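Biologist: Please show me the model, and let us then ask how each term applied to the structure is justified.

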Amino acid sequence: MRTFELEYPHALVFNELPETVTAIGFFDGIHCGHQRVIQTAVSEAKNRNMESAVITFFPHPSVVLKKDAQHVKYITPLREKKEILKRLGVDRLYIIKFNKALASLSPQGFIDHFIKGLNIKHVVAGFDFSYGHKGKGNMETIKEHAADAFSYTTISKVELDNEKISSTRIRECLKKGQIEKANELLGRPLIVDGIVIKGEQRGKALGYPTANIDTNRDALLPKTGVYAVKIIYKNERYEGMASLGVNPTFTPDLLEPVLEVNIFDYNNDLYGDELLVEFHAFIREEQKFAGAAQLIKKIAEDEVKIRNYFAKNC
Ligand SMILES: Cc1cc2nc3c(=O)[nH]c(=O)nc-3n(C[C@H](O)[C@H](O)[C@H](O)COP(=O)(O)O)c2cc1C
Ligand SMILES: Nc1ncnc2c1ncn2[C@@H]1O[C@H](COP(=O)(O)OP(=O)(O)O)[C@@H](O)[C@H]1O
């Protein structure tokens with residue numbers, strides 16, 4: 001997959017661009033609904049003997065459009081997004097910078113520059129996709145803006161339990177610790193990755209060494225607590241338990257939750273290495289214990305629970 005980071009106006013040369021079928025959207029999470037849009041574009045491209053593409057945006061429009069400048073966290077930060085799109089068989093990824101200039105482009109201007117101008121012959125988008133200034137362009141107006149230069153497919157609402165699958169719904173599940181429902185909506189387990197850094201060196205003494213993970217600051221983390229996780233390390237998959245929290249038993253003043261994992265049946269140095277953590281089940285809330293002995297007892301119970309969980313659900 002080739003990635004192109006574009007700004008308005010982009011400088012790509014039309015004559016050098018292949019005829020392409022594209023999916024377009026913000027696609028945070030690349031959930032089951034997004035996957036239907038992207039897979040439709042990939043198979044339509046094969047049918048037409050064209051290249052497949054995904055057009056997406058960065059950062060999230062709310063960063064530019066909302067007054068209180070904020071930092072948005074993503075279910076799939078750009079890096080994860082790229083990995084998943086590669087796996088879906090996408091040939092080209094166009095990441096359009098969402099800035100004031102882009103936000104003020106008219107719907108016709110957007111289509112002319114970023115669809116016709118990128119030699120797109122067919123567009124696939126969800127029924128609620130919008131484009132151009134104030135999101136005034138949509139799947140109703142696209143026919144007029146296309147003016148026969150390209151065709152399009154509108155993907156209708158994809159639902160689970162009679163409710164639309166959406167990034168917002170997944171964010172709410174993650175906030176509540178409903179990881180299994182979030183995973184069902186995503187169509188894969190939530191993955192958070194990062195590099196192993198040094199912690200307080202307390203884990204080994206407790207009998208449960210934990211790899212402390214420096215996560216991407218763009219990554220949306222689930223609710224704090226203890227989770228059944230799988231760890232992908234050097235292309236091998238391990239079972240383990242994660243603590244996402246502020247370690248109240250020992251550190252009353254930690255502000256940001258820390259993600260740490262204890263890998264089952266493993267004993268080796270991991271400092272400086274990259275780990276991918278797949279979240280599978282929420283086990284319990286984080287607690288403040290009277291001391292190390294009580295915490296160790298609880299962690300031993302967590303381990304039994306999590307091993308049983310994976311014995312039943314692999
Ligand atoms: C499965 C598991 C559950 C945990 N639960 C709690 C908890 O409920 N309360 C708490 O204060 N710390 C909890 N911890 C975090 C430990 O306090 C932490 O791993 C330990 O202090 C080691 O920290 P270090 O890696 O910085 O040395 C848990 C850790 C694990 C692995
Ligand atoms: N089974 C394991 N799970 C996680 N980390 C392990 C394991 N075995 C060894 N380690 C190593 O031990 C370190 C964790 O030990 P710990 O005493 O908790 O130190 P720290 O406070 O630096 O995390 C990990 O970063 C890793 O290098």
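Biologist: What makes the pair formed by ligand 1 and the side chain of threonine 210 a polar contact?

Modeller: An oxygen atom of ligand 1 is 2.7 Å from an N or O atom in the side chain of threonine 210. A polar contact is a pair of N or O atoms within 3.5 Å, so the pair qualifies. This is a predicted model, in which local features need pLDDT of at least 70 and side-chain atom pairs count only at pLDDT 80 or more, while totals for chains, interfaces and linings use all residues. Side-chain values use heavy atoms, without hydrogens and water.

Biologist: Which distances apply to arginine 202 and asparagine 212?

Modeller: For an N or O atom in the side chain of arginine 202, the distance to an oxygen atom of ligand 1 is 2.6 Å; for asparagine 212 the corresponding distance is 3.0 Å. The protein covers 98% of the 620 Å² of accessible area (Shrake-Rupley method, 1.4 Å probe) that ligand 1 has on its own.

Biologist: How many residues surround ligand 1?

Modeller: The number is 23, counting residues with a heavy atom within 4 Å of the ligand. By class, 8 are nonpolar, 9 polar and 6 charged.

Biologist: Why is lysine 116 called partly exposed?

Modeller: Its relative accessible area is 24%. Buried means under 20% and exposed over 50%, with partly exposed in between (1.4 Å probe, protein chains only), so lysine 116 is partly exposed.

Biologist: Which residues does lysine 116 touch?

Modeller: Leaving out residues up to four places away in sequence, its contacts (heavy atoms within 4.5 Å) include Phe14, His145 and Ala149.

Key
Residues numbered from 1 in each chain as written. Chains lettered and ligands numbered in written order. Polar contact = N/O pair within 3.5 Å; in protein donor to acceptor, adjacent residues only side chain to side chain. Nonpolar A, V, L, I, M, F, W, Y, C, P; charged D, E, K, R; others polar.
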